[in-house]
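Please examine the fold of this protein, together with the surroundings of several of its residues. The report is intended to be read alongside the sequence and the structure.

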Amino acid sequence: MNFLLRALTWWHDSTLGTALFTSRKGEKVGEDEQGNVYYRERGGDRRWVIYNGEIEATRIPPEWHAWLHGLTDAPPSEKPLPTQTWEKPHHPNLTGTAAAYHPPGSLLSEGSRSRAVGDYEPWTPA
C-alpha cells in the first residue's frame, strides 16, 4: 500500500518518479535549516527541492527560493546571502487551521465586536 501511495501521490512525499530521477540525475547542492534538500541536474539547468515533512512552498527560505528560480547562479550553500537586520525567522502559514488568526469581531473569534456608535449608518437601498 505504501508503494502505491508513493507512486501515485505527491502531497505526502516525493513521488517514485521524482525519487528515481533524483537518484539517477540529481546532484545534491545543499540543505536548509528545516531539513529540505536541494538538488540540481548534473549537466543541466533543472533545480528542485525534496521537502522534509509537509510539502508546503512557504517552507522554502528566500535565498533558496531565489536559487530555485534561477535568480542566483550559486546556491546559498556555496555563497550565502548576507542577512539583513530586519529579517525575521520563518513562521508557517496557519490559514485554514485552528491556530489561524481571527481579528476581533470575526465570526470565528471569541467574544463580540464592540457596538458601532455615532459614525455608522447602515446602507439602505434607494
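The sections below treat the model and its confidence, the overall fold, the sheet, and then selected residues.

## Model and confidence

The structure is a predicted model. Across the protein the pLDDT averages 84, and 86% of the residues score at least 70. Confidence is not uniform along the elements: it is lowest in H1, at a mean of 66, and highest in S2, at 95. Where pLDDT is low, the predicted coordinates should not be read in detail.

## Overall architecture

Three helices and three strands make up the secondary structure of the protein. Read from the N terminus, the elements follow the order α-α-β-β-β-α. The helices are H1 (residues 2–8), H2 (residues 16–25) and H3 (62–68).

The protein has 126 residues, of which 23% count as buried. Its accessible surface amounts to about 10300 Å², and carbon and sulfur atoms account for 56% of that area. When contacts between residues at least 6 apart in sequence are considered, 30% of them join residues at least 24 apart.

## The antiparallel sheet

The three strands form an open sheet with the order S1-S2-S3 and antiparallel pairing. Strand S1 (26–31) and strand S3 (47–50) are the edge strands, each of them pairing on one side only. On average, neighbouring strands of this sheet are turned by 30 degrees against each other, with direction ignored.

S1 is joined to S2 in the antiparallel sense over five bridges. Within this pair, Gly-30 stands opposite Tyr-38 in S2. The two strands form a hairpin with five residues between them, and Gly-35 in the turn has a positive phi of about 95 degrees.

S2 (residues 37–41) also runs antiparallel to S3, to which it is joined by four bridges. Here Tyr-39 has Trp-48 of S3 as its bridge partner. The hairpin of S2 and S3 likewise has five residues between the strands, and Gly-43 in it takes a positive phi near 70 degrees. Because four of the five residues of S2 are buried, this strand is largely enclosed by the rest of the structure.

## Helix H2 and Thr-22

Helix H2 lies across S1, S2 and S3, and runs at about 95 degrees to S1. Thr-22 is a residue of this helix. Is Thr-22 buried or exposed? Its relative accessible area is 9%, so Thr-22 counts as buried, the cut-off for this class being under 20%.

Apart from neighbours within four places in sequence, Thr-22 is in contact with Tyr-39, Trp-48 and Ile-50. Two of these residues, Tyr-39 and Trp-48, are the bridge partners noted above for S2 and S3. The side chain of Thr-22 also places a polar atom 2.7 Å from the backbone oxygen of Thr-18.

## Leu-4 in helix H1

Leu-4 is located in helix H1. With a relative accessibility of 48%, Leu-4 is classed as partly exposed. The C-alpha atoms of Leu-4 and Leu-16 are separated by 9.2 Å, the two residues being twelve apart along the chain. These values should be considered together with the confidence of H1, whose mean of 66 is the lowest in the protein.

## Thr-58 in the loop after S3

Thr-58 occupies the loop between S3 and helix H3. Its relative accessibility of 35% places Thr-58 among the partly exposed residues, a class that lies between 20% and 50%.

Which residues does Thr-58 touch, if those up to four places away in sequence are not counted? They are His-90 and Asn-93. In addition, the C-alpha atom of Thr-58 is separated by 8.9 Å from that of His-91, a residue 33 places away along the chain. Closer in sequence, the side chain of Thr-58 makes a polar contact of 3.1 Å with the side chain of Glu-56.

Note on methods:
Residues are numbered from 1 along each chain as its sequence is written. This is a predicted model: local features need pLDDT of at least 70, side-chain atom pairs count only at pLDDT 80 or more; totals for chains, interfaces and linings use all residues. Side-chain values use heavy atoms; hydrogens and water are left out. Buried means under 20% relative accessible area, exposed over 50%, partly exposed in between (1.4 Å probe, protein chains only). Contact means heavy atoms within 4.5 Å. Accessible areas come from the Shrake-Rupley method with a 1.4 Å probe; for residues, only the protein chains shown count as cover. Two strands pair if DSSP finds at least two bridges between them. Axes are lines fitted to C-alpha atoms, for helices over the stretch in contact, and angles run from 0 to 180 degrees between N-to-C directions. A polar contact is a pair of N or O atoms within 3.5 Å; within protein, one must be able to donate a hydrogen and the other to accept it, and residues adjacent in sequence count only if both atoms are side-chain atoms. pLDDT is the predictor's confidence in each residue, from 0 to 100.
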